[in-house]
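Reader: I have just been handed this one and have never looked at it before. Could you walk me through it?

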Amino acid sequence: PAYLQVANNRRTADAAVRSARGALLPSADASFGSRYQQGGQQVFNGLSFTNSSDAIQSSYGLSVGYRVSSASFVNPKAAMANRDAVEADISGNSEQLRAAVTQQYLSVLQAQARSALQDTLVKTAETQLELAKAKVAVGSGTSLDIRRAEVALGQQQVALLTARNNVEVEKLRLFQQMGVAQPDSVRLTTDFPVNPPTFALADLLDQARRQNPAIVALRSRERAASLNVKVAQAAYTPTLSLNTGWSGNSYQYTDADF
């Protein structure tokens, strides 16, 4: 869900780019109005007139305007830079999510390995208990040896239960990272072979500076911030505004003989 929340910003960024580009287009307005006036006395410019006929009045208009400034040309660039920054954020969060899921996958495998180790230690403790009983039976041991072996076995059994419980907890955390419910009878089948590294540290650092998603996102944000400063500065520049229009009105008495 956290990744999807970041990915949803792509729609807002695309809409901002379209809005910034749309500001370069002229604007058009249309209006229409109508009015009905019942016959009787009316006042116009301080003079009183008496009409014995009802009147119908209408008005209409169409206007076209164009407004442009330096901000009109900088805004689309800033919006596109913000969109690139959002894309970089999405890529960065995608890689972070991939790394988190992979790390949690490894944590589950590690917990399973520890659980398997505890199984072996429990069997070893059981063998030690049987050995202590055998020594007592032949007279080369004491009951204290049996008690010690029983305590060690109990401790290993408790550790085994803890390790098995830890496996289930780590599985739950894995599916929590994925944002889905854990299905029944989950088995992790991917193995991670351990191979010695064959790359140099300098090459890794150079690649990280050029391709690390977090660094790329921060650089995109830096570029977007610089353009946003230019947008703010453009507010102090002159603005050219052109407007034209056409309008009219009508006034008619409903009684043609009036």
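Author: What follows is a short conversation about confidence, the sheet, two helix contacts and one residue.

Reader: Before anything else, what kind of model is it, and what is the average pLDDT of the protein?

Author: This is a predicted model, and the protein averages a pLDDT of 89, with 99% of the residues scoring at least 70.

Reader: And where is confidence lowest, and where is it highest?

Author: Confidence is lowest in strand E2, residues 40-44, where the mean is 73, and it is highest in strand E1, residues 27-37, at 93. As a general caution, predicted coordinates should not be read in detail where pLDDT is low.

Reader: Okay, on to the sheet. In what order do its strands run?

Author: The sheet is an open one of 3 strands, arranged in the order E1-E4-E5, and the pairing is antiparallel. The edge strands are E1 and strand E5 (239-253), each of which pairs on one side only. On average, and with direction ignored, neighbouring strands of this sheet are turned by 10 degrees against each other.

Reader: Over how many bridges do E1 and E4 pair?

Author: E1 and strand E4, which covers residues 55-69, pair over 11 bridges in the antiparallel sense. If you want a spot to look at, Ser 31 stands opposite Gly 61 in E4.

Reader: Switching to helices: how do H3 and H4 run relative to each other?

Author: The axes of H3 and helix H4 (residues 143-178) come within 8 Å and cross at roughly 165 degrees, which makes H3 roughly antiparallel to H4. H3 passes H4 in a left-handed crossing, and the residues of their contact comprise 22 nonpolar, 11 polar and 10 charged.

Reader: What about H3 and H6, at what angle do they cross?

Author: Helix H3 (residues 70-138) and helix H6 (residues 213-234) have axes that come within 8 Å and cross at roughly 160 degrees. Angles over 145 degrees count as roughly antiparallel, and H3 and H6 are therefore roughly antiparallel to each other. Their crossing is left-handed, and the residues of the contact divide into 14 nonpolar, 7 polar and 7 charged.

Reader: One residue caught my eye, Ala 232. Where is it found?

Author: Ala 232 is found in helix H6. Its C-alpha is 9.7 Å in space from that of Val 74, although Ala 232 and Val 74 are 158 residues apart in sequence.

Reader: Then why does Ala 232 count as partly exposed?

Author: Ala 232 counts as partly exposed because its relative accessibility is 45%, while buried means under 20% and exposed means over 50%.

Notes
Residues numbered from 1 in each chain as written. Predicted model: local features only at pLDDT ≥ 70, side-chain atom pairs only at ≥ 80, totals over all residues. Heavy atoms only, no water. Axes fitted to C-alpha atoms, helices over the stretch in contact; angles between N-to-C directions. Helix = DSSP H or I, 4+ residues; strand = E, 2+ residues; numbered from the N terminus. Parallel < 35°, antiparallel > 145°, perpendicular 65-115°, else oblique. Left-handed = near helix turned anticlockwise from the far one by under 90°. Nonpolar A, V, L, I, M, F, W, Y, C, P; charged D, E, K, R; others polar. pLDDT = per-residue confidence, 0-100. Buried < 20%, exposed > 50% of the residue type's maximum accessible area, 1.4 Å probe, protein only. Pairing = 2+ DSSP bridges.
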